[in-house]
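Hi,

Here is the structure I promised to send over. Have a look at it first, and then read on for what turned up when I went through it.

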Amino acid sequence: MHGPDNPTKDNNVHKPTAWHVTHWSADPFSLGAYSALLPGGTGQHRAILGQVLEKRLVIAGEACSATAPAMTHGAWDDGLRAAEAALHAGASKVIVIGAGCAGLAAARSLHEQGIECVVLEARGRTGGRTHTVELGGVRADEGAAWLQHFADNPLAALALQQGLACVETDFANPLAAARGGVLPDIDGAWLALTETIDRRFSLSDAIDRYMASLDPAHVRATQFAIDGNLVLEACLPVAQLSVCALDEEGVGHGDRMLPGGYSELVDCLAQGLDIRLNSPVTSIDWSGAKVVVNDQLCDFCICTVPVGVLKTLRFNPALPDTQQQALAHLAMGKLEKVILQFDERWWPRSPSGYLRWYDEPASWGEWLDLTDAVGKPTIAGLIAADAIERQFTGRTDEQIAMAACEALQAWAAALGPTP
């Protein structure tokens, strides 16, 4: 997954000294990046999925969060909610499935209140969809990268309490460029779309109807806005998204990254907990007074696996129809990342550290320049939804990394001379 030690430059394409390519969609313990609402799905489906069953089983995590879905602090807060449910049920022994942010929140809360709690984690590490990798002597996150909604984020408060460095990213001020000429007014196009779209229709139909009313220049601007503000956030093609996906908040509220990596924070949160690694769960039997998780007994089970994995678990009895319907309205969005490292920063420097590339069709649309934060020329690119298939299919990790380099270079060329 990591590149060669000696950089070369062929065909005018800069080649990195090292790289890392993620494959969250193929990871059997995530099957995607984070939850998204399918057509007909609403925030209410998230709440229904998280309802407590018979005072002995609850599903928890970012997918159940109404206020911060798809975010680590949404997962953390929902883990705390699940822990309160276990306490309210009078449980003396709890099994938590998953050592991501939701599972760690639940386990830490219960542990601090003297409740026996065992965490079963399928992977050989903690953190779930947060994970920091080493690349060329620096640390970078292959999963979640930002502490979002920083001022109101309990994980941000914990990071500051632990003395971890946090660097703000100004998402409102990207260094942006578009293929095919001058960068249009993408913010204006997005605002016009969200204010005008007819929500009586499916999202796909509503967008088609809206686009049919525009001239070619506004169609181009609106498509870029959809690619960057909707698909890259919700991580599914428009045809697979609920119109309510327009209302679920994403980045842009004082968000900060952790130069030392999310794993520093996760390691702090996991200290002192009874976490059993390499322990995948396949079945949950909640038919009796005790819950049987694989072959272990408990009074209460908190299941925090991602919704893609949740759909593969065997429940006895099956989840109630209401929760099955809620689960049917949720899916895992597809988002991948490439981290590229070079001997020098050859790309234009963004004052905010944030870059946007509006490609046709969409490709590596969002970049975070890590260079100043980690002290070595390093940059991370994000790609989502059907763009992943276009860029990944039939390619090795090296080929994917080189294609990402080409996208970054195309962005720099389209940007033109910069101060």
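Setting aside its neighbours within four places in sequence, E62 is in contact with Y34, S35, R46, P69, A70, M71, G74, A75 and R129. E62 itself lies in the loop between β5 (57-59) and α2. Is this residue buried or exposed? E62 has a relative accessible area of 5%, and because the cut-off for buried is under 20%, E62 counts as buried. Please keep in mind that this is a predicted model, so everything here is computed from predicted coordinates.

One of the contacts of E62 deserves a second look, namely A70. A70 also has its place in the loop between β5 and α2. A70 has a positive phi of about 70°, although it is not a glycine. With a relative accessible area of 25%, A70 is partly exposed. There is another residue of this kind, K55, whose phi is near 55°, again a positive value in a residue other than glycine. K55 lies in the loop between α1 (43-49) and β5, and at 59% relative accessibility K55 counts as exposed.

Now to the helices. E62 and D77 are 15 residues apart in sequence, and their C-alpha atoms are 8.5 Å apart in space. D77 belongs to α2 and takes part in the contact of that helix with α4. On the α2 side the contact has T72, H73, W76 and D77, and these meet P154, L155 and L158 in α4. How do the two helices cross? The axes of α2 (residues 72-88) and α4 (residues 154-161) come within 8 Å and cross at roughly 95°. That angle makes α2 roughly perpendicular to α4. Sorted by class, the residues of this contact are 4 nonpolar, 2 polar and 1 charged.

A second pair of helices is arranged in another way. The axes of α6 (residues 203-211) and α7 (residues 216-234) come within 11 Å, with a crossing angle of roughly 155°. This makes α6 roughly antiparallel to α7. From α6, the residues L203, I207, Y210 and M211 make the contact, and from α7 they are V219, T222, Q223, I226 and L230. The contact of α6 with α7 holds 7 nonpolar and 2 polar residues, and no charged ones.

While you are looking at helices, please also find S109, which is in α3 (residues 101-112). S109 has a relative accessible area of 12% and is buried. Not counting residues up to four places away in sequence, S109 touches L80 and A83.

The aromatic residues come next. How many aromatic pairs does the structure hold? There are 8. One of them is formed by F171 and Y354, an edge-to-face pair with 4.7 Å from centre to centre and 75° between the planes. This pair links distant parts of the chain, as the two residues are 183 residues apart. F171 is in the loop between β11 (167-168) and β12 (175-178), while Y354 is in strand β22 (residues 354-358). Both F171 and Y354 are buried. The two also belong to a cluster, in which ring pairs link W146, F171 and Y354.

Two arginines are worth viewing with the side chains switched on. R209 lies over the face of F201, at 3.8 Å from the ring centre. The charged end of R256 sits over the ring of F150, 4.0 Å from its centre.

Finally, a word on the backbone at two prolines. Which peptide bonds are cis here? One is the bond from N316 to P317, with omega near -5°. P317 has its place in the loop between β19 (314-316) and α10 (321-328). Another is the bond from E360 to P361, also with omega near -5°. P361 is in the loop between β22 and β23 (366-369), and β22 is the strand that holds Y354 of the aromatic pair.

I hope you enjoy exploring it. Do write back if anything is unclear.

Best wishes

Note on methods: Residues numbered from 1 in each chain as written. Predicted model: local features only at pLDDT ≥ 70, side-chain atom pairs only at ≥ 80, totals over all residues. Heavy atoms only, no water. Phe/Tyr/Trp six-rings, centres within 6.5 Å; stacked < 30°, edge-to-face > 60°. Helix = DSSP H or I, 4+ residues; strand = E, 2+ residues; numbered from the N terminus. Buried < 20%, exposed > 50% of the residue type's maximum accessible area, 1.4 Å probe, protein only. Lys NZ or Arg CZ within 6 Å of the ring centre and 35° of its normal. Axes fitted to C-alpha atoms, helices over the stretch in contact; angles between N-to-C directions. Parallel < 35°, antiparallel > 145°, perpendicular 65-115°, else oblique. Contact = heavy atoms within 4.5 Å. Nonpolar A, V, L, I, M, F, W, Y, C, P; charged D, E, K, R; others polar.
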